[in-house]
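I opened the model today to look up a few places in it. These are my notes, in the order I took them.

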Amino acid sequence: MDSTQKISHLALDIGGTLIKLVYFSANGDYSEESRNGCSVVHGKLCFAKFETRKIDDCLEFIRFNILHHSGVQHPNGAAHDKLYVKATGGGAFKFADLFKEKLGILFDKEDEMHSLVGGVNFLLKTVPREAFTYLDGQKEFVEIDHNDLYPYLLVNIGSGVSMIKVDGDGKYERISGTSLGGGTFLGLGKLLTKCKSFDELLELSHHGNNRVIDMLVGDIYGGTDYSKIGLSSTAIASSFGKAISDGKELEDYQPEDVARSLLRMISNNIGQIAYLNALRFGLKRIFFGGFFIRGLEYTMDTISVAVHFWSRGEAKAMFLRHEGFLGALGAFTSYNNQSHNDIKSHQHTVQRAILNCSGDNLRHIPVYHSSFVDEEGITKACGCPLLPLKSHIKGPAPISEQDKTDIVDEAITFFRANVFFTNFDIKSPADKLLIYLTFYINVALKRLEGCRTLAVGTKAIINLGLEDIPVPGETGFPFPGLFSLPQSQDEADLFRNYLKQVREETSGRLLSVAYRANGTPNKWWLAFAKRKFINVVVL
Ligand SMILES: Nc1ncnc2c1ncn2[C@@H]1O[C@H](COP(=O)(O)OP(=O)(O)O)[C@@H](O)[C@H]1O
Ligand SMILES: CC(C)(COP(=O)(O)O)[C@@H](O)C(=O)NCCC(=O)O
């Protein structure tokens, strides 16, 4: 993030499984395009999510990006010296003390249902192409007439499922719910398939066949339809039903088939309950949100088919591009409801911020890039600029002035933010070195994990320094294709020596941040040992 960017209005939705963050990053450009006499702040809306069980990562992310300083003073004049941040979800209650203790912020709590409805109404009224239908592999955006939006049913599939009848802005009623939700899929999926994560489970389900385990109408009716009651032979008669008569153990089934049946069972069930509730109140439109959906075609298709089947085509399932951030967005936009000076122009600003972003952009938080873009006079090896270092360690790097930032400073300063990214758009050759060093810091932190004192940590780092350093084309080089292959032995040796020097320099500086002055570990650094950078597993 560059210095002209200013973060404002952080909002959190702390759910049973995931923490969702929304914040506004202004780019310092103000225009007088006034509406209601307010100037407009230009910038972008940023979205991030963390697992609730890894709440420390979230705290660290907020602290590192200084998001906690973006709170506002409470409009009712309470605790004047304190900064308040909008928070919703059960965790706004459960973790309030933790956020106060670790970040010094207080939560201005917004009701979860209220935030969900606020988020959806805001998106549907503000963002074009937000809602879409998905049936038979066809995604179709739905134009929403603002004057004909209500009533609708909102089905939020998080850990559990809430069903809310929405009649207007702030006019809603939670009419039903089910405890068989995203948490059930993930929890049962972990137990049954040994998958470790939601993404792994989804990937597995992609390759599975539910008919191996689900009992179909045809299995019961000898291959024929039960047309009298409208059931085709391929309809599922009983989810997981084949397991009762197959004489098989769990191990005899392929985990991908189990994952597929589970996904189908949960999605089907939610689609059906949603339809029944829509029927109770004569609602024709059902919007589905929550992170369970994750834009997955199979999930959306199953839900749509269930709604279509049960309503005989009367009701429509619709999905939202920002499905997982509804509550966080609702909490975020609720800053508008206060008469605080800071946020008078907010609604207009947020509308513009969302409108200015394409769908994917919206979830994009900028990676920190290297500032060493000027390549003039810099020697290269394997396409990597051998940038100057503030180092007394022997090696091919030119010496940098002591009061200047070098690439090692950048790598260490940006590490705790950049390590969150699974993609890194390379803007200059120096970014390649930044990627390499970010990876190396991850490796070094892994070695420091469990080293309870600076002395023990130093030993571990010295041992790491004794290890062979592969160059591109050799086994063990972490990013094949990032750098070009050496064209000669001299080039390979030059690059190896530079990597050795820059790694040793990084190690020394890392020790001084990973341990406190009294030699004890700094958990705000060592907690990052477990992170995977660009999905590379560090052993
Ligand atoms: N990266 C992820 N890690 C865990 N669960 C995920 C992930 N992505 C999607 N999910 C699914 O989304 C559900 C959580 O959805 P969410 O709307 O965030 O609910 P909550 O507010 O209860 O955390 C999980 O139970 C799981 O089914
Ligand atoms: C309790 C909850 C509102 C919490 O929201 P979540 O963290 O799951 O998004 C939700 O899990 C829920 O509505 N559960 C279903 C409870 C029921 O109606 O049976």
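In which loop is the place of aspartate 136? I found aspartate 136 in the loop between β6 (131-135) and β7. I keep in mind throughout that this is a predicted model.

**Backbone oddities**

I looked up the phi of aspartate 136 next. It is positive, about 50 degrees, although aspartate 136 is not a glycine. I noted the general rule beside it: most residues other than glycine have a negative phi. Is aspartate 136 buried or exposed? Its relative accessibility is 65%, and the cut-off for exposed is over 50%, so aspartate 136 counts as exposed.

I then turned to arginine 312. Its phi is also about 50 degrees and positive, and arginine 312 is not a glycine. I located arginine 312 in the loop between α9 and β14 (316-320). Its relative accessible area is 76%, so I wrote it down as exposed.

What kind of peptide bond joins tyrosine 150 and proline 151? I read a cis bond there, with omega about -5 degrees. As a general rule, most peptide bonds are trans. Proline 151 sits in the loop between β7 (138-141) and β8 (152-157).

**Ligand 1**

How many residues surround ligand 1? I have 18, and the closest are Leu18, Lys20, Ser159, Gly182 and Arg294. I went through polar contacts for two of these and for glycine 183. A backbone N or O atom of glycine 182 is 2.8 Å from an oxygen atom of ligand 1. A polar backbone atom of glycine 183 is 3.1 Å from an oxygen atom of the ligand. For arginine 294 I noted a polar side-chain atom 2.6 Å from a nitrogen atom of ligand 1.

Next I looked up the areas. Ligand 1 taken alone exposes 570 Å², and the protein buries 92% of that. Three elements give two or more residues to the shell: β2 (18-35), α5 (182-193) and α6 (198-206). The largest share, 3 residues, comes from α5. By class I have 6 nonpolar, 8 polar and 4 charged residues around ligand 1.

**Ligand 2**

Which residues are around ligand 2? My list includes Gly15, Gly16, Glu112, Met113, Ser159 and Gly160. It also includes Val161, Ser162, Arg174, Gly177, Thr178 and Ser179. Ser159 is on this list, and I had already written it among the closest residues to ligand 1.

I looked at polar contacts here too. A side-chain N or O atom of glutamate 112 is 2.8 Å from an oxygen atom of ligand 2. Arginine 174 also has a side-chain N or O atom 2.8 Å from an oxygen atom of this ligand. For valine 161 the polar atom is in the backbone, 3.4 Å from an oxygen atom of ligand 2.

How much does ligand 2 expose when taken alone? I read 460 Å², of which the protein buries 63%. Here α4 (112-126), β9 (161-168) and β10 (171-178) are the elements that give two or more residues to the shell. β10 gives the most, with 3 residues. The classes are 2 nonpolar, 8 polar and 2 charged.

**Second largest pocket**

I looked up the second largest pocket as well. About 700 Å³ of space lies in it. Its lining has 25 residues, and those nearest its centre are Ala235, Ile236, Arg264, Asn268 and Phe309. Which elements give two or more residues to this lining? I have β12 (236-238), α8 (255-281) and α9 (297-311). The largest share, 7 residues, comes from α9. I met α9 above, at one end of the loop that holds arginine 312. The lining divides into 12 nonpolar, 10 polar and 3 charged residues.

**Threonine 506**

My last stop was threonine 506, in helix α16 (residues 489-514). Why does threonine 506 count as buried? Its relative accessible area is 0%, and buried means under 20%, so threonine 506 falls in that class. I also looked for a partner to its side chain. A polar atom of the threonine 506 side chain lies 2.6 Å from the backbone oxygen of valine 502.

Note on methods: Residues are numbered from 1 along each chain as its sequence is written. Chains are lettered from A and ligands numbered from 1 in the order in which they are written. This is a predicted model: local features need pLDDT of at least 70, side-chain atom pairs count only at pLDDT 80 or more; totals for chains, interfaces and linings use all residues. Side-chain values use heavy atoms; hydrogens and water are left out. On a 1 Å grid over the protein atoms alone, a cavity is a set of points where a 1.4 Å probe fits but cannot get out, and a pocket is an open set with protein on both sides within 12 Å along at least five of seven lines; lining residues have an atom within 4 Å of a point. Grid points are joined across faces, edges and corners, and a volume is the space filled by probe spheres set on the points. Helices (H or I, at least four residues) and strands (E, at least two) are DSSP runs, numbered from the N terminus. Ala, Val, Leu, Ile, Met, Phe, Trp, Tyr, Cys and Pro count as nonpolar, Asp, Glu, Lys and Arg as charged, and the others, Gly among them, as polar. A residue is near a molecule or strand if one of its heavy atoms lies within 4 Å of it. A polar contact is a pair of N or O atoms within 3.5 Å; within protein, one must be able to donate a hydrogen and the other to accept it, and residues adjacent in sequence count only if both atoms are side-chain atoms. Accessible areas come from the Shrake-Rupley method with a 1.4 Å probe; for residues, only the protein chains shown count as cover. Buried means under 20% relative accessible area, exposed over 50%, partly exposed in between (1.4 Å probe, protein chains only).
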